[in-house]
Amino acid sequence: MDQPGSNPTQTKPVIPAYVKAISGSLAGIVEAACLQPTDVIKTRLQLDRAGVYKGILHCGTTTVKTEGVRALWKGLTPFSTHLTLKYALRMGSNAVLQSAFKDSDTGKISVGGRFLSGFGAGAIEAVAIVTPFEVVKIRLQQQKGMSQEALKYKGPIHCARLIMREEGLAGLWSGVGPTIMRNGTNQAFMFTAKNTFDKVLWRKDEGDGKVLQPWQSMMSGFLAGIVGPVCTGPFDVVKTRLMAQSGEMKYKGMVHAFSSIYREEGLRALWKGLIPRLMRIPPGQAIMWGVADQYKEYPCVY
């Protein structure tokens, strides 16, 4: 029986795109501060063609021993800025794209529409935000040593300026092709899986007014963050190799990088850095959704 004054036909309020964008930016700040060391280790492993590092722990301990603890936070400024902007753009653009795919009569979106919205959001963020920031981040992370004077790039701004001077503006978009494929596929799976896990585990549908507990959002986000890295590992390795290049170019493009890595290092090399990615992305998605869901589901914020 309905409560007095309730209206069973009343529609649930639609969460505005800007609210989702703000929730994503707040989540990006928290995630970057927590998970930067795993990203540094992942990058070092992916760039290790000579087999210097024996695994995740060896890479981490070697980095600390030879460069100090602060080296695990190399590239934090571009990483945190890029995450904040990326999540804002991701959540906002996904909301806009989903509205275009919604059924005009029921207001619901199909699984296919949700998947395409996620891919579109990932592709947009890859071009607009992710690629230039990751180029700078990777160039900073691949530098080894403690002496500031011996490093080619002195910081994120100096790095960006030097790349543009030596390689042109296009240098900041090195590896944009595999980045689009990686981020598009990642977000297609992530948004679809997150909604599915919310329904299956907590009987919650987006916009139904139900606010999940932070731990529930984090569990759904963690599970949703596992599929993408496994499927997109090769794109991530190729992207990192292309972005790290300066001066003489070993790889001529995405296809050439794929074939060269496979021929010279074997199939497994295309999934280098997968474990640290799984150490970073699922926990990162748990943090992101734990923050974002709490913010965007409360009516007082819009």
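The following exchange concerns a predicted model of one protein chain.

Me: What makes the protein chain as compact as a globular protein of its length?
Reply: The radius of gyration is 21 Å, and the globule rule gives 19 Å for 302 residues. The two values are close, so the protein chain is as compact as a globular protein of that length. Along its principal axes, the C-alpha trace spans about 75 × 35 × 35 Å.

Me: Which pattern does the protein chain follow along the sequence?
Reply: The pattern is α-α-α-α-α-α-α-α-α. The chain has nine helices and zero strands.

Me: Why is Asn 195 called buried?
Reply: Its relative accessible area is 9%. Buried means under 20%, and Asn 195 is therefore buried. This residue lies in helix H6, which covers residues 176–202.

Me: Which residues does Asn 195 touch, apart from those up to four places away in sequence?
Reply: Asn 195 touches Arg 114, Asp 205 and Glu 206. Each of these contacts means heavy atoms within 4.5 Å.

Me: How do you know that Arg 203 counts as exposed?
Reply: Arg 203 has a relative accessibility of 76%. Exposed means over 50%, so Arg 203 meets the criterion. Arg 203 is found in the loop between H6 and helix H7, the latter covering residues 214–244.

Me: What is notable about phi of Arg 203?
Reply: Phi is near 55°, a positive value in a residue other than glycine. Most residues other than glycine have a negative phi.

Me: What share of the residues in the protein chain is buried?
Reply: Buried residues make up 50% of the 302 residues. The protein chain exposes about 14300 Å², of which carbon and sulfur atoms supply 66%.

Me: What share of the contacts with a separation of 6 or more comes from residues 24 or more positions apart?
Reply: Such residues account for 76% of those contacts in the protein chain.

Me: How many positive and negative side chains does the protein chain have?
Reply: There are 37 positive and 22 negative side chains. The centres of the two sets lie 6 Å apart.

Me: Where does the UniProt annotation "repeat: Solcar" apply?
Reply: According to the unreviewed UniProt entry, the annotation covers residues 15–100, 109–200 and 212–298. In the model, the span of residues 15–100 is 78% helix and 0% strand. The end C-alpha atoms of that span lie 15 Å apart.

How values were computed. Residues numbered from 1 in each chain as written. Predicted model: local features only at pLDDT ≥ 70, side-chain atom pairs only at ≥ 80, totals over all residues. Heavy atoms only, no water. Helix = DSSP H or I, 4+ residues; strand = E, 2+ residues; numbered from the N terminus. Rg over C-alpha atoms; globule rule 2.2 N^0.38 Å. Buried < 20%, exposed > 50% of the residue type's maximum accessible area, 1.4 Å probe, protein only. Areas by Shrake-Rupley, 256 points an atom, 1.4 Å probe, with all protein chains shown as cover. Lys, Arg positive; Asp, Glu negative; His and termini not counted. Charge placed at Lys NZ, Arg CZ, Asp CG, Glu CD. UniProt positions renumbered as here; feature names shortened; annotations may be inferred.
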